[in-house]
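Here's a quick tour of the model below. Have the viewer open as you read.

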Amino acid sequence: MVAVAMIGTLGCTSNLEFGGTWISGDVHVHSSTGSNDTDGISFEPDIAAAAAGAGLGFVVLTDHSNATGSMHCEDVEDCPNLGPEFPAEPSDDGVMLVVGNETSPLNAGHVGCLPPDGGFTFDGAFIDRPDGDVTAHDAVQQCRDAGGWSVANHPFGVAWLDWDWTTTAYDAMEVWNGGWRWDGGDVDALAAWECNVAQGLHVVPVAASDNHRVGIVPPGEALDPPLGQPRTSVALHEDVAPTWPAIRRALQTGRVVLHEADTWVEASEGSWAPKWERWTIVGESPGPAVVELRSIPRAQDCDPAAAEPLSEVLWSADVDGSFTLDTERIDHEPDGSRLRYLALVPPTWSEPGEGGVALTGLLETPPG
Ligand SMILES: [Zn+2]
Ligand SMILES: [Zn+2]
């Protein structure tokens with residue numbers, strides 16, 4: 001019996017769908033219009049052109065607490081506070097350009113805020129100062145109040161950017177930040193996301209570059225990643241135009257692939273029963289790698305701040321280049337957990353700066 005039929009029969013909810021048209025985007029990009037740390041070389045037309053060249057279909061500009069101005073100016077020459085403000089619109093080369101925000105308090109956590117369907121319309125400002133006054137909870141709430149979709153950006157890594165864990169009420173977690181490709185901070189963020197979903201939270205994993213200088217070419221340098229490295233792809237139904245509302249809704253479902261330009265992993269088919277499951281997995285790897293089907297147990301007592309991985313590998317295979325794999329039937333005891341995701345990883349621990357990684361969002365199926 002195929003999965004879709006089972007879902008209909010049992011009336012269970014699941015985010016699992018197959019098919020559709022994938023569109024790739026970068027949801028964490030800084031522009032010189034609104035962020036002071038871009039060397040003045042990354043204006044919107046440059047970003048749109050570079051995005052088109054990199055195969056991206058959408059870009060969310062997330063300048064530091066900018067658009068309606070809150071960045072304090074004591075330590076910034078030519079204080080910007082003049083972020084781009086326009087409704088989501090396609091550029092001349094067809095890239096959907098969207099104005100978001102990255103509320104950027106010190107020592108609390110940065111919050112990516114993706115705008116509502118029609119763009120931000122409020123008159124206020126995203127507030128991140130004075131230093132020490134704004135918590136991650138406050139920043140997430142500001143995003144919510146503005147109708148935005150909140151992302152816990154780079155929650156681990158550099159002390160003054162790390163998440164303060166005053167909230168887990170974000171909509172998404174940036175489990176993969178472009179800092180230095182797949183690195184230790186990303187490993188920790190992925191573990192925190194596993195804990196979030198183990199506790200039953202609907203948190204969508206995203207990957208984004210945090211690009212500050214549009215001219216950086218792959219593979220980039222530490223803390224200076226190229227646009228679109230990494231990126232998040234979402235699936236749209238064939239008859240749906242790639243408008244910002246459609247892209248945003250696709251993101252919200254959590255059916256995502258997190259990857260670089262030359263990596264991919266996706267479940268293209270699946271079926272399951274209480275004691276078994278079977279998947280067709282397709283993907284792309286630039287070199288020898290391992291594909292893992294990971295299972296996350298339901299756990300109420302984990303602590304996302306502890307960044308301890310919870311997942312177990314249910315199935316794996318060696319790959320190199322393009323692949324289509326059938327897992328065959330995987331038998332197991334019903335465990336009440338149907339939280340799965342796929343990971344394409346190098347055969348051994350990848351040093352920061354190496355590529356070859358891809359992840360899917362949750363393949364959440366009705367419990368066995
Ligand atoms: Zn940041
Ligand atoms: Zn940023």
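## Strand β13 and its partners

Seven bridges tie β13 to strand β16, residues 339-345, and the two run antiparallel. One pair to look up is glutamate 292, whose bridge partner in β16 is alanine 343.

β13 itself covers residues 276-296, and its pairing with β12 (residues 264-273) is antiparallel too, over nine bridges. Getting from β12 to β13 takes a hairpin of two residues. On that side, tryptophan 272 has glutamate 277 of β13 as its bridge partner. Glutamate 277 also stands opposite isoleucine 330 in β15. Strand β15 is just residues 330-331, joined antiparallel to β13 by two bridges. Then there's β14, residues 312-326, which runs antiparallel to β13 with 13 bridges between them. For a landmark in that pairing, try alanine 289, which sits opposite valine 319 in β14.

## How far to trust it

This is a predicted model, and its mean pLDDT over the chain is 88, with 89% of the residues scoring at least 70.

Two stretches deserve some caution. Over residues 1-12, pLDDT stays under 50, and the model gives that stretch 14 contacts beyond four places in sequence. Residues 76-82 also stay under 50, again with 14 contacts beyond four places in sequence.

## Two cis bonds in one loop

Most peptide bonds are trans, so which ones are cis here? One joins proline 218 and proline 219, with omega at about 5°. Another runs from glutamine 229 to proline 230, where omega is near 0°.

Proline 219 lies in the loop between β9 (204-208) and β10 (231-236). Proline 230 is found in the loop between β9 and β10 as well.

## Positive phi without glycine

Most residues other than glycine have a negative phi. Alanine 307 isn't a glycine, yet its phi is positive, at about 55°. You'll find alanine 307 in the loop between β13 and β14. Is alanine 307 exposed, buried or partly exposed? Alanine 307 has 19 C-beta neighbours inside 10 Å, so it counts as partly exposed; being buried would take 20 or more.

Glutamate 328 is another non-glycine with a positive phi, this time about 60°. Its place is the loop between β14 and β15. With 10 other C-beta atoms within 10 Å, glutamate 328 is exposed, because the cut-off for that class is 12 or fewer.

Conventions. Residues are numbered from 1 along each chain as its sequence is written. Chains are lettered from A and ligands numbered from 1 in the order in which they are written. This is a predicted model: local features need pLDDT of at least 70, side-chain atom pairs count only at pLDDT 80 or more; totals for chains, interfaces and linings use all residues. Two strands pair if DSSP finds at least two bridges between them. Helices (H or I, at least four residues) and strands (E, at least two) are DSSP runs, numbered from the N terminus. pLDDT is the predictor's confidence in each residue, from 0 to 100. Two residues are in contact if their C-beta atoms, placed from the backbone, lie within 7 Å.
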